Protein chains: 2
Amino acid sequence: MFVSTATNGIDAKGRVSVPAGFRSNVSGGPFDGIYVWPSFDGPWLEGGGQALMDDYLEMIEAMDPYDEARQALEQSIFGAARTLSFDANGRITLPKDLAEHAGLDGKATFVGLGRRFEIWNPDSHARRATSARAFAKENKLKLRRPSRMTEAG
Amino acid sequence: MFVSTATNGIDAKGRVSVPAGFRSNVSGGPFDGIYVWPSFDGPWLEGGGQALMDDYLEMIEAMDPYDEARQALEQSIFGAARTLSFDANGRITLPKDLAEHAGLDGKATFVGLGRRFEIWNPDSHARRATSARAFAKENKLKLRRPSRMTEAG
DNA sequence: TTGTTTCCCATGAAATCCCATGTTATCCCA
DNA sequence: TGGGATAACATGGGATTTCATGGGAAACAA
């Protein structure tokens with residue numbers, strides 16, 4: 001699972017080290033690298049390994065073929081995703097358009113979120129992390145096991 | 001299950017022995033170590049094994065993807081967690097920022113809480129334990145077995 | 001050619017591994 | 001049940017490896 005947050009430098013060639021913990025999490029797949037695409041929710045990137053893409057495929061294929069939402073998801077995820085493979089030192093080269101979408105300049109922050117991860121501009125991420133923590137605290141958020149008896153939505 | 005409380009020393013390298021009872025509780029997992037992250041509720045650390053994180057992931061993924069609470073929890077738990085693996089002697093190395101968050105300096109108190117545990121500054125923990133006991137006594141708290149029939153969330 | 005991408009090697013810092021040791025708890029046998 | 005033997009645990013320090021990063025050379029494309 002993808003956990004923790006790390007900020008690595010982007011060099012003049014657009015290369016950035018993927019955190020070691022993320023790399024070991026995708027090792028064993030059919031290709032040695034990750035999938036990355038622009039979030040359709042805001043200025044950051046989404047990413048994951050083969051397992052994530054398999055899951056997404058399965059979820060999308062469960063939808064009606066003529067569902068507009070299905071087509072939008074297919075286009076926004078599979079159509080937009082890139083396969084970025086690791087070099088010998090565990091780096092990927094970020095395509096310019098992806099770096100632009102996320103406003104990346106010199107540094108990139110990798111955020112593990114369990115099954116997937118995100119790549120952020122460090123400053124933007126710091127602001128978002130702060131507000132997320134504040135929200136969690138203010139609202140006394142607690143994880144609660146969904147009731148298996150009632151299963152009320 | 002994580003139970004009991006133990007205080008161990010933090011050496012110059014930031015290493016601290018995880019209580020043996022905690023270690024045996026997470027052995028057998030895919031990696032030999034624990035997950036630790038800063039509580040968003042106060043100056044202590046939260047921790048658990050793979051099973052806990054799997055549960056949390058399941059609970060979070062049951063929430064709506066655009067729920068602000070979900071994003072806050074994802075960020076504050078998975079984004080903030082570290083995988084700390086045991087060395088040959090059962091120690092972890094506490095990252096500086098985690099030690100700072102919990103005000104740890106030289107010693108750390110591990111508090112077993114069933115499915116998860118907390119790591120405290122020993123002095124802070126002593127104060128908190130005292131007030132917790134007082135609260136329990138004042139309020140005549142009683143443990144009550146939940147009804148298995150209703151299970152209302 | 002000219003710019004871009006991929007591969008390879010070098011390096012400093014940081015994390016991890018390995019060995020040694022005292023102390024405490026547990027076991028076993030009389 | 002006492003007491004010595006044994007194993008488990010917590011701790012300390014040096015050596016080794018991993019990791020992130022930089023730059024050059026070779027392969028490729030325009």
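**Aromatic pairs, chain copies and the surface around DNA strand C**

Over all chains, the count comes to 16 aromatic pairs, where rings of Phe, Tyr and Trp (its six-membered ring) pair if their centres lie within 6.5 Å, and planes under 30 degrees apart count as stacked, over 60 as edge-to-face and the rest as tilted. One of them joins A:F31 and A:Y35 edge-to-face, with 5.3 Å from centre to centre and 80° between the planes. The model is predicted, so that local features need pLDDT of at least 70 and side-chain atom pairs count only at pLDDT 80 or more, while totals for chains, interfaces and linings use all residues. Residues are numbered from 1 along each chain as its sequence is written, chains are lettered from A and ligands numbered from 1 in the order in which they are written, and side-chain values use heavy atoms, leaving out hydrogens and water.

The two members of the edge-to-face pair can also be described by their accessibility. A:Y35 is buried, at 14% relative accessible area, whereas A:F31 is partly exposed, at 23%; buried means under 20%, exposed over 50% and partly exposed in between (1.4 Å probe, protein chains only). In chain B, the ring centres of B:F110 and B:F117 are 6.3 Å apart and their planes stand at 45°, so this pair is tilted. B:F110 and B:F117 are both buried. In chain A, ring pairs link A:F2, A:F22, A:F110 and A:F117 into a cluster.

Rings also meet charged groups. The charged end of B:R128 sits over the ring of B:W44, 5.9 Å from its centre, and A:R128 lies over the face of A:W44, 6.0 Å from the ring centre. Such a placement requires NZ of Lys or CZ of Arg within 6 Å of the ring centre and within 35 degrees of the ring normal.

The next topic is the DNA. Around strand C stand A:K13, A:R15, A:N89, A:R91, B:K13, B:R15, B:N89 and B:R91, each with a heavy atom within 4 Å of the strand. Sugar and phosphate make up 0% of the atoms of strand C that come within 4 Å of the protein. Among the polar contacts (N or O atoms within 3.5 Å), a polar side-chain atom of A:N89 lies 2.9 Å from a base nitrogen of strand C. A polar side-chain atom of B:R15 lies 3.5 Å from a base nitrogen of strand C.

Finally, chain B superposes on chain A by a rotation of 37° with 9.9 Å of shift along its axis (RMSD 0.3 Å), fitted by least squares on the C-alpha atoms of residues with pLDDT of at least 70 in both.

Terms used: A polar contact is a pair of N or O atoms within 3.5 Å; within protein, one must be able to donate a hydrogen and the other to accept it, and residues adjacent in sequence count only if both atoms are side-chain atoms.
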